[in-house]
Amino acid sequence: MTAPRRILHYNWAQFDDPEFRGGGVSVYLRNLLDRLAGDPGYEFTVLSAGHHYTYTNRKPRYEPTPNILSDRGVKTFRILNSPVKAPAHDMFYDIGLWRSDPEVAKVFAQVLTAQGPFDDVVLHSMEGISSEVLALREKFPQTRFHYMWHNYMPLCPQIELLHQNRFDCMDYEDGRKCQGCLAGFHSRDQLIAPQRFGTSLEFARLSGRPLGNFLFGLGIGSFKIAQATGYFLKDLRRSVRGAFSRDDGSAPRGRGFQSVDLAAEGPGPAGRPLAPVARKAGEYRAWRELNLALLNRFDSHMCVSQLVADTITRLGMLPQKVQVTPLGMDLHATPAQMRARAAAKPRRDRMRISFIGYGIPSKGLPFITEALMKADLPVLKEKAELVIYARLGDHELCKLTPLTERFADVRVVQGYERKDLARIASDIDLNIVPSIWRETYNQVAYELLCLGTPSLLSTTVGLGMFWDRHPEFVFRSGSHEDFVARLGRIVAEPRLLEAFWTNPPELPTMDQHIATALAAMQGGKRNEAA
């Protein structure tokens with residue numbers, strides 16, 4: 001009898017995380033494991049790290065965890081107290097530790113030794129682990145190491161290759177552009193402190209419950225009061241010292257209007273040189289270069305779209321190790337099923353258009369507003385309405401008010417649950433995916449297509465690799481003019497929607513994806529000279 005293939009998957013969040021952490025990667029792993037768990041040909045172990053921290057015994061270590069597929073043989077473990085905190089943005093300004101921390105690599109190696117041996121290790125992110133984990137490939141020569149690229153994190157700590165959330169960033173200027181890319185200079189220590197409290201609530205099974213939410217809010221509030229008290233005492237000490245300092249007869253410094261001192265001599269303020277600040281760029285460069293070198297020694301790289309493969313090879317990944325393995329989903333439909341679902345939709349007087357996703361710049365919601373504010377498209381006001389499915393605050397809602405003059409009707413739905421996606425799809429005629437970052441795939445557009453709703457995609461959406469027969473449903477990423485022209489034409493000529501369904505894109509199934517991924521993993525060749 002052939003021994004089962006033993007595979008370890010790593011992501012910073014467990015695939016069945018009750019708070020839905022881990023995003024699309026968690027959804028993918030849940031679908032993948034649900035399809036293969038229990039197959040006698042495979043044994044699966046899933047490891048996570050970077051999100052659980054304890055008050056007692058703060059040493060990095062690992063422990064087993066429960067999971068929804070344990071009855072089908074899936075084993076799960078988590079690393080506690082990883083010095084590398086997840087998600088990625090929490091380590092952005094601790095890039096040196098992200099590169100060099102040995103502790104999490106030691107624990108990772110312990111998992112491979114104690115729970116192995118494994119035939120394959122598949123990393124789905126570097127969040128929660130350091131670059132030293134990548135070097136483990138050389139210490140476990142009988143195990144194949146693979147990286148599946150769901151984003152660009154090993155080469156971009158912002159993960160999206162989007163400088164300041166606005167500009168495509170294929171040239172990081174040796175790390176100089178990284179330094180001011182993200183706002184906020186929180187250190188990982190500042191972020192781990194409340195995470196320890198959150199972990200305690202989760203372990204007590206209070207996370208997400210009314211009492212747990214109350215206790216977490218109370219704890220954070222108490223921390224802020226203690227912090228404010230510390231600031232007050234510092235100010236008080238300075239004031240006391242000033243009150244008892246020797247009076248040298250100088251006039252008190254006023255805070256009001258100051259006239260120009262024409263008699264002043266000497267040079268002006270020296271200022272702060274930026275050169276020492278710029279030297280920090282070297283840490284970002286060293287992080288990327290080390291990751292690139294270690295990843296090029298991996299056995300294979302699986303990219304969820306052609307866009308990802310093209311991008312990472314331009315950034316230095318060895319093309320002979322890069323394979324395109326487009327994702328399949330638990331929801332799939334044949335072209336005939338897509339057509340049938342599209343035909344079953346109720347007829348409406350106006351075309352109903354949607355945006356579904358996060359209301360952040362990289363996903364393109366601000367882009368839609370900016371583009372349409374510049375445009376004169378009376379056809380939208382006459383023949384189209386817009387529904388936005390995104391969790392937005394009051395300020396974000398106010399930013400969207402100009403759209404009310406561009407469409408016959410605009411509504412905002414504060415998020416949605418995946419189980420409701422079929423009803424949402426039946427309620428809309430066209431979805432817009434205006435991403436300005438190099439979006440690796442877009443699972444929502446995949447699912448909507450299967451449910452009978454096409455999407456107008458920007459050229460930087462990985463799923464567009466299947467839209468080659470429908471160029472009228474693709475616009476140039478970041479171009480207001482091209483977006484307005486494509487959208488206006490589709491609304492003015494509804495026959496384009498009918499033409500779309502005569503030959504819709506054929507999407508990969510989960511079984512096809514699994515076959516492609518396993519072939520890539522099996523075909524990975526050791527590159528001992530690399």
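## A walk through the eight-stranded sheet

Let's start at a packing spot: the buried residues of helix α9 sit against β6, β9 and β10. The helix spans residues 306–314, and its buried set is Leu307, Val308, Ala309, Thr311 and Ile312. A bit of helix geometry helps here: with 3.6 residues a turn, residues three or four places apart point the same way. Just past the end of α9, Gly316 takes a positive phi of about 120°. Keep in mind as you look around that this is a predicted model.

Now step back to the whole chain. It has 530 residues, 50% of which count as buried, and it is built from 18 helices and 16 strands. Its C-alpha atoms fill a box of roughly 90 × 70 × 50 Å along the principal axes. Take the contacts between residues at least 6 apart in sequence, and 74% of them join residues at least 24 apart. About 26,100 Å² of the chain is exposed, with carbon and sulfur atoms supplying 55% of that area. On the charge side, there are 66 positive and 58 negative side chains, and the centres of these two sets lie 3 Å apart.

The strands that α9 packs on belong to an open sheet of eight, ordered β3-β4-β2-β1-β5-β6-β9-β10 with mixed pairing. The edges are β3 (61–65) and β10 (322–324); each has a single partner strand, so one side of each is left without a neighbour in the sheet. On average, neighbouring strands here are turned by 25° against each other, ignoring direction. As a reminder, strands of a sheet pair through backbone hydrogen bonds, either parallel or antiparallel.

Follow the sheet from β6 toward the β10 edge. β6 and β9 run parallel and are joined by four bridges, with Met148 opposite Met302 in β9. Next, β9 and β10 also run parallel, this time through three bridges, and Met302 stands opposite Gln323 in β10. Strand β9 (residues 300–303) is covered on both faces: Ser300 and Met302 are buried on one side, His301 and Cys303 on the other.

Elsewhere in the sheet, β1 (residues 5–10) pairs with β2 (residues 42–49) in the parallel sense over six bridges. In this pair, Arg6 stands opposite Glu43 in β2. Helix α1 (residues 23–36) packs on the sheet, where it touches β1, β2 and β6 (144–149), and its direction makes about 160° with that of β2. Another helix, α3 (residues 103–115), lies across β1, β2, β3, β4 (75–80), β5 (120–123) and β6, running at about 50° to β3.

Finally, have a look at the backbone in the loops. Most residues other than glycine have a negative phi, and most peptide bonds are trans. Against that background, a few spots deserve a look. The loop between β4 and α2 (95–100) holds Pro87, which is joined to Ala86 by a cis peptide bond with omega of about 0°. Asn81 is in the loop between β4 and α2 as well; though not a glycine, Asn81 has a positive phi of about 60°. Is Asn81 buried or exposed? It counts as buried, because its relative accessibility is 5% and the cut-off is under 20%.

A cis peptide bond also joins Gly116 and Pro117, with omega of about 5°, and Pro117 sits in the loop between α3 and β5. Last comes Ile159, in the loop between β6 and β7 (162–163): Ile159 has a positive phi of about 75°, although it isn't a glycine.

How values were computed:
Residues numbered from 1 in each chain as written. Predicted model: local features only at pLDDT ≥ 70, side-chain atom pairs only at ≥ 80, totals over all residues. Heavy atoms only, no water. Helix = DSSP H or I, 4+ residues; strand = E, 2+ residues; numbered from the N terminus. Buried < 20%, exposed > 50% of the residue type's maximum accessible area, 1.4 Å probe, protein only. Contact = heavy atoms within 4.5 Å. Areas by Shrake-Rupley, 256 points an atom, 1.4 Å probe, with all protein chains shown as cover. Lys, Arg positive; Asp, Glu negative; His and termini not counted. Charge placed at Lys NZ, Arg CZ, Asp CG, Glu CD. Pairing = 2+ DSSP bridges. Axes fitted to C-alpha atoms, helices over the stretch in contact; angles between N-to-C directions.
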